[in-house]
Amino acid sequence: MKVTINGDAGELPDGSTVAQAVRMLTAMTSGVAVAVNDVVVSKGAWESTSLSENDRVEVLTAVQGG
């Protein structure tokens, strides 16, 4: 299925979850926030939240610095 992840078009297998999309981008799990179609998905729901055709996924990671 076609999805947009962080503004880039991509393909994921049908039935993919938010957790799978996150793992495509980073091995980190702490300091990561995800929104699907502008709605934040809690970390506890990543494994159970399925993505659909044309979903927009934003994966944000916290960065330390000053």
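Q: In the hairpin that E1 and E2 form, which residue in the turn has a positive phi?
A: In this predicted model, strand E1 (residues 2-5) and strand E2 (residues 8-11) pair in the antiparallel sense over 4 bridges. The hairpin they form leaves 2 residues between the strands. Most residues other than glycine have a negative phi. The turn residue with a positive phi, about 50 degrees, is Asn6.

Q: Which residue in E2 stands opposite Lys2?
A: The pairing of E1 with E2 is antiparallel. Within this pairing, Val3 stands opposite Gly10 in E2. The residue of E2 opposite Lys2 is Glu11.

Q: Which residues make up the covered face of E1?
A: In a regular strand the side chains alternate between the two faces of the sheet. In E1, the uncovered face carries Lys2 and Thr4. The covered face consists of Val3 and Ile5.

Q: Which residue in E5 is the bridge partner of Thr4?
A: Besides its antiparallel pairing with E2, E1 pairs with E5 in the parallel sense over 2 bridges. Thr4 itself belongs to the uncovered face of E1. Its bridge partner in E5 is Arg56.

Q: What is the C-alpha to C-alpha distance between Glu53 and Thr4?
A: Glu53 is found in the loop between strand E4 (39-41) and E5. Leaving aside neighbours within four places in sequence, Glu53 is in contact with Met1 and Lys2. Glu53 and Thr4 are 49 residues apart in sequence, and their C-alpha to C-alpha distance is 9.4 Å.

Q: Is Glu53 buried or partly exposed?
A: A residue counts as buried under 20% relative accessible area and as exposed over 50%, with partly exposed in between. The relative accessibility of Glu53 is 42%, so this residue is partly exposed.

Q: Which element supplies the largest share of the largest nonpolar core?
A: This core has 16 residues, and Val34, Trp46 and Leu51 touch the most other members. At least two residues of the core come from each of E1, helix H1 (18-25), strand E3 (32-36) and strand E5 (56-61). The largest share, 4 residues, comes from H1.

Q: Why are the buried residues of H1 on the same side of the helix, and what arc do they cover?
A: The buried residues of H1 are Val18, Ala19, Ala21 and Val22. Because they cover a limited arc around the axis, they lie on the same side of H1. An α-helix has 3.6 residues a turn, so residues three or four places apart point the same way. The arc covered is only 160 degrees.

Q: Which strands are included in what covers the buried residues of H1?
A: The residues to be covered are Val18, Ala19, Ala21 and Val22. Among the elements that cover them are three strands, namely E1, E3 and E5.

Q: Leaving aside neighbours within four places in sequence, which residues are in contact with Leu51?
A: Leu51 is one of the residues that touch the most other members of the largest nonpolar core. Its contacts include Val18 and Ala21, both of which are buried residues of H1. The full list is Met1, Leu12, Ser16, Thr17, Val18, Ala21, Val36 and Val57.

Q: Is Asp38 buried or exposed?
A: Asp38 is placed in the loop between E3 and E4, and its phi is positive, near 70 degrees, although the residue is not glycine. Residues count as exposed over 50% relative accessible area. Asp38 has 67% relative accessibility, so its class is exposed.

Q: What is the relative accessible area of Asn37?
A: Asn37 also has its place in the loop between E3 and E4. Its phi is positive, about 55 degrees, although Asn37 is not a glycine. Asn37 counts as partly exposed, with a relative accessible area of 29%.

Q: What pattern does the protein chain follow along the sequence?
A: The secondary structure comes to 1 helix and 5 strands. Read along the sequence, these elements follow the pattern β-β-α-β-β-β.

Q: What is the radius of gyration of the protein chain?
A: For 66 residues the globule rule gives 11 Å, and the value for the chain is close to this, so the chain is as compact as a globular protein of that length. Of the 66 residues, 32% count as buried. The radius of gyration is 11 Å.

Definitions and conventions. Residues are numbered from 1 along each chain as its sequence is written. This is a predicted model: local features need pLDDT of at least 70, side-chain atom pairs count only at pLDDT 80 or more; totals for chains, interfaces and linings use all residues. Side-chain values use heavy atoms; hydrogens and water are left out. Two strands pair if DSSP finds at least two bridges between them. A nonpolar core is a set of buried Ala, Val, Leu, Ile, Met, Phe, Trp, Tyr and Cys residues joined through side-chain atoms within 4.5 Å. Buried means under 20% relative accessible area, exposed over 50%, partly exposed in between (1.4 Å probe, protein chains only). Contact means heavy atoms within 4.5 Å. The arc is that of the directions from the helix axis to the C-beta atoms. The radius of gyration is taken over C-alpha atoms; the globule rule is 2.2 Å times the number of residues to the power 0.38.
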